[in-house]
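This report goes through one protein model, from its overall build down to single residues. Keep the sequence and the structure in view while reading.

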Amino acid sequence: MEQLKALAQYRDAILLAELAGLLHNVGKLDPNFLASVVCDKGKAEAVNLLKQHNQYVRDYASKRFAKPAEDILDARVKSLLASKTPLAKSQLPAPPGNSALKEREKKAAEEFNKFYRGVGPLSDDQARALSEKILKVCGEEWRLTDLLTLFWDEFFYKPPNDDYQRIYALDPWLRCRPNGLPHLLIHAHGENSGSEKYQIEQDEETGITIHKDVTIGKKSFFENLRIATAFGYEVDIPVWDLQAKRQYLINQLPDLSLNDEKWRCPFQETLQHGLGDTQRPINEITLWDYASSIVALFKTSIAKSFLEGAVVNANLMCWHLLGVHFDGLDYILQATRITDLLGRRQRFQETLDQISTTLTQEIPIASRVYQDENGLFFVVPDSDELNLEDLKSLIEEQLQGSKFDDLRPHIDWSKKPLRGKQLNLGQEINRQEINRQDKVSRPSIDPEKVKEWWQNSATEICTVCGLRPAINRETNYCSICKNNRQSRVQPWLENPNSTIWLEEVADSNGRMALLTGQFPLDHWLNGELVESLALGINERREQPVPKYASFPRIQRIWRTTQAFWREIEDKIKEKNLADNRRLKISLANQPNSQANMTYELNLLGRTRMSVIWDGSYLISIDNLGYIAVQLDIPAPKRKTPADAALEVGVWLDENKQNERSQKRVFKLISDDEKNRQFDIQIANVNHQDVAYATAIPILAEPRTFMALVPADKALGIMQTIKEKYEREMGKVCNRLSLHLGAAYAHRRTPLRAVLDAGQRMLWQKPLAGEKPWRVICKRVNGGTLPERFNSDKDGQFKEWIEISLKGDRSLNWYIPAFMGDGQTKDEWYPYVFFHSDKDGNTNPTQATEKPSRTFKLTKNGQTEAWVHAGELEQGDHIYFTPATFDFEWLDTGARRFEIAYDEQGKRYGRFTRPYLLDELDEMQKAWGMLRTLSKSQLYALRDTIEQKRQDWFPEPEQSLQDEAFKQFCRDVIANIDWKKSIDKEKLTEWAVTGVISDVMEIHVSIMKEKIEASASKEDKANE
């Protein structure tokens, strides 16, 4: 433990090594690099474009970080350089024997000449400023500028058939210079950078085999370059901003303080715009993915060197994946108020940050490589001087220092040391999670700590945490939970352009929805489904070969899904940013109350309005549209949120005095203290000028998403998520399912019940389990492209494949056939797990219609066949994991217990739910037809059908295939006096499947939408 803590004295050097790793590829952040790797036919045009934008640099070398310093060179080499004579192998001492080593030294000479007199990403002034940063490790010293210029593979000889042994080909050039640090850096680079380009096989017995006979996609033209996500969705590169972004970053380096734990943020913000390789399909890994993965290995190699007192042998480096697990989601969601939840979330995040800061910054033994709502993963070096117990003790010490007593983590690391290419993040996450569940059902609280809390205490237990004693008999929460709650209020008061109050989230009917979303990433993070993506063509077999689940590629996967949810958060705020206003009420008498406490203001028995006392004013924290409805303010006066706020303010102003012009007394009832209330008198009513979004984001992690939104906006937000998912994950949605949920509730429903319902919806499983789906139709550019894809109609949807599938239900899969440039056919992403063809052939190479784009994978002794979606034929059977959505109206808190799913993904007791996400559009179409009826007609239609279903069938599912019931539904619909032309056969189908009942529950019972017939009558009445 003490030796581990002693690393703190070497912190500056280890963090400087981390900085080196982040900078090592920064030369690729330049349009001149991009122009150098385009196809030959496009190079001239690329140069012309560079010149037009005044960014052309002749002989630009992205790997040349800076001019090598002369004082590291052999004296004879220095004299040759002084005479400007190009260095040659013949001028160097002849190496003993090995002709291959001699050839490598020749190439090293050529590269050194180019670097010495060439042009790279740094100007001379920048190079001089950075040359003062010197990395000193166990007696070896390198200027940052020299290390980052001279570590590349071109300066090493690697013996054949050995991926780890290297000899430094620059040794004859250097003045008695050890080369351990360049070796460690190129080793970390090689463990990550090369693995995305080749077909790599791993076997626990035989180790790693690399097959390099793979032809990757053709090089692009300059204007067609794009950055892809992990799932093949491409976006533009900000080409003409790259130089400026890089120069800004480099200019900060001389004064960069590595003591500030946020020093890494600018690197991520900058490097995520660059590409390590521009060839498709390996253009999915950004410079940030490369750099952060390489840093994880290089930085920890340096840490190991300091632990062991000597620069370690790069050829022998191995690592562990360290997991720190909490029941974080359970902890965060154990809240009775939204301020409790947000406070718990903040406290939990601060705890994770403290652990991360300790291990990566203060005692820098690790690099963080993954985080979600349940914990962290780090890369740490394998060393005799480092053991798991010391790491556990260090983390426990940090938790005690942060006074985070609510949870104890489960800490574990990989069973054996691993090479860099063997660091399988997903497998380790799954293994440690299973191990944790088997051994510890829930991280326990120290009994002695609990005993200490309750010493000499006779109050009730805290209703928030359920652990500590409440403050007193009148206040039902403990001091810790009070601080959690208050920690969110003050920041909100200072920046009120968002909300932290459920009452403000609720719509004008007083209803809200907890939206949940989940990506099941287990088989992506462990690499199994990464191998379902094609890398290129095997030159010998002329067949596609799978991608390798390299460490940067796995990093890219969870960052892609995390970015997806964070962009959804932004869209939710944007969609819910209306002209909302709050009331600011000054009082004639000051209540004897603490600031930042919440109350209910009794509005003369008509309703209660939630408010907060900030020490000077009462501020409304309620949906004033809902309050306006309760005060019977006419609809024309409350058309907008601002109108409603104005009218409620007018009502308060008019009623602050009685008929005799005397100040009226209002009751202010405490939310926090039992039986405590105040008599107040209103002096004046004003409005805040700040508009705010009526949504509360809760989680946006790689797997899990949660947000509270108004009930009347939930369906539209789910539609937005669906469209984004189909556009950005459409190529892989057959094996990357998305599960959405909406738990609707009244604003007074206990928050814990709502959160529990949402958490249960995260347990959704793929519908139909492992049953295959049948291709009933395949069309290429058939029909009209759905409007939701129009923004990509000149890009990835320039051509599309529409596949209709039939299982227990039916769905249409729209597959973009191009990459983002609209010119490159997608040969890599849209593969499907093949079951059999129409004649029962399970081997696609023996199918009646033989596909040309297919490959096989062997997993756990089973062979899987993967076929490009463009090769599918009608009648083929494939495996498909569909996206789903579910909903529930919590008319009582106990209703949440009805949210449970069987092994086939179906809801117990709800034969219609969950729906396929594809069916969300169908439900909207159904409502478009149904809303033309009057409310009485709607209820009569639903009740007649559902009553007959109940009378005829012991189990509702039996009605789905019954022709007599279908005819009954058809007759009921035919006998209705429809005001507009509708598709009666489609309505019959929706009636049989229960869609009509669920559509009415969402739109009429929950959202209370006006239907066209009723709206027409109301309009006439208002006239």
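Helices here are DSSP runs of H or I with at least four residues, strands are runs of E with at least two, and both are numbered from the N terminus. This numbering is needed to place a residue such as D632, which is found in the loop between helix 22 (624-630) and helix 23 (641-655). The model is predicted.

## Overall build

The protein has 31 helices and 35 strands. Its C-alpha trace spans about 105 × 75 × 60 Å along the principal axes. A compact globule of 1023 residues would have a radius of gyration near 31 Å, and the 33 Å of the protein agrees with this. Of the 1023 residues, 57% are buried. Among contacts with a separation of 6 or more, 73% are between residues 24 or more positions apart.

## Helix 27

Helix 27 covers residues 935-952. At 1.5 Å a residue, its 18 residues should span 26 Å, and its end C-alpha atoms are indeed 26 Å apart. The buried residues in this helix are L938, L941, R942, I945 and R949. Seen down the helix axis, the buried residues fall within an arc of 85 degrees, so they line one face of helix 27. A general rule helps in reading this pattern: an α-helix has 3.6 residues a turn, so residues three or four places apart point the same way.

What covers the buried residues of helix 27? The cover includes helix 26 (919-930), helix 28 (963-974), helix 29 (984-993) and helix 30 (995-1006). On the face turned away from the buried side, helix 27 carries the exposed residues S936 and Q950.

## Strands 27, 28 and 29

Strand 28 (residues 800-806) is mostly covered, with six of its seven residues buried. Strand 28 pairs with strand 27 (residues 773-780) in the antiparallel sense, over six bridges. In this pairing C777 stands opposite S804. Strand 28 also runs antiparallel to strand 29 (residues 810-816), joined to it by seven bridges. Here E802 stands opposite Y814.

Strand 28 and strand 29 form a hairpin, with three residues between them. G807 lies in the loop that links these two strands. G807 is partly exposed, at a relative accessible area of 27%. The C-alpha atoms of G807 and P772 are separated by 7.2 Å, although the two residues are 35 residues apart along the chain.

## Strand 13

In a regular strand the side chains alternate between the two faces of the sheet. Strand 13 (residues 410-413) can be read this way: H410 and D412 point one way, I411 and W413 point the other way, and all are buried. Strand 13 is joined by four bridges to strand 10 (residues 319-325), and the two run antiparallel. G323 in strand 10 stands opposite D412.

## Cysteines

How many disulfides does a search of the whole structure find? The search finds zero. C465 is in no disulfide, and the nearest cysteine sulfur, that of C462, is 3.7 Å away. The cut-off for a disulfide is a pair of cysteine sulfur atoms within 2.5 Å. C465 is buried, with a relative accessible area of 8%.

For C733 the closest cysteine sulfur is in C777, at 17 Å, which is too far for a bond. C733 is buried too, with a relative accessible area of 10%.

## Unusual backbone angles

Most residues other than glycine have a negative phi, and most peptide bonds are trans. The table lists some exceptions.

| Item | Feature | Angle |
|---|---|---|
| R280 to P281 | cis peptide bond | omega near 5 degrees |
| R913 to P914 | cis peptide bond | omega near -5 degrees |
| D59 | positive phi | about 55 degrees |
| D632 | positive phi | about 60 degrees |

Where do these residues lie? P281 lies in the loop between helix 11 (265-271) and helix 12 (287-308). P914 is found in the loop between strand 34 (884-890) and strand 35 (915-916). D59 is placed in the loop between helix 4 (43-52) and helix 5 (75-82), and D632 in the loop between helix 22 and helix 23.

Are the two aspartates with positive phi buried or exposed? D59 counts as exposed at 62% relative accessibility, and D632 counts as exposed at 60%.

Definitions and conventions:
Residues are numbered from 1 along each chain as its sequence is written. This is a predicted model: local features need pLDDT of at least 70, side-chain atom pairs count only at pLDDT 80 or more; totals for chains, interfaces and linings use all residues. Side-chain values use heavy atoms; hydrogens and water are left out. The expected span of a helix is 1.5 Å times one less than its number of residues. Buried means under 20% relative accessible area, exposed over 50%, partly exposed in between (1.4 Å probe, protein chains only). The arc is that of the directions from the helix axis to the C-beta atoms. Contact means heavy atoms within 4.5 Å. Two strands pair if DSSP finds at least two bridges between them. The radius of gyration is taken over C-alpha atoms; the globule rule is 2.2 Å times the number of residues to the power 0.38.
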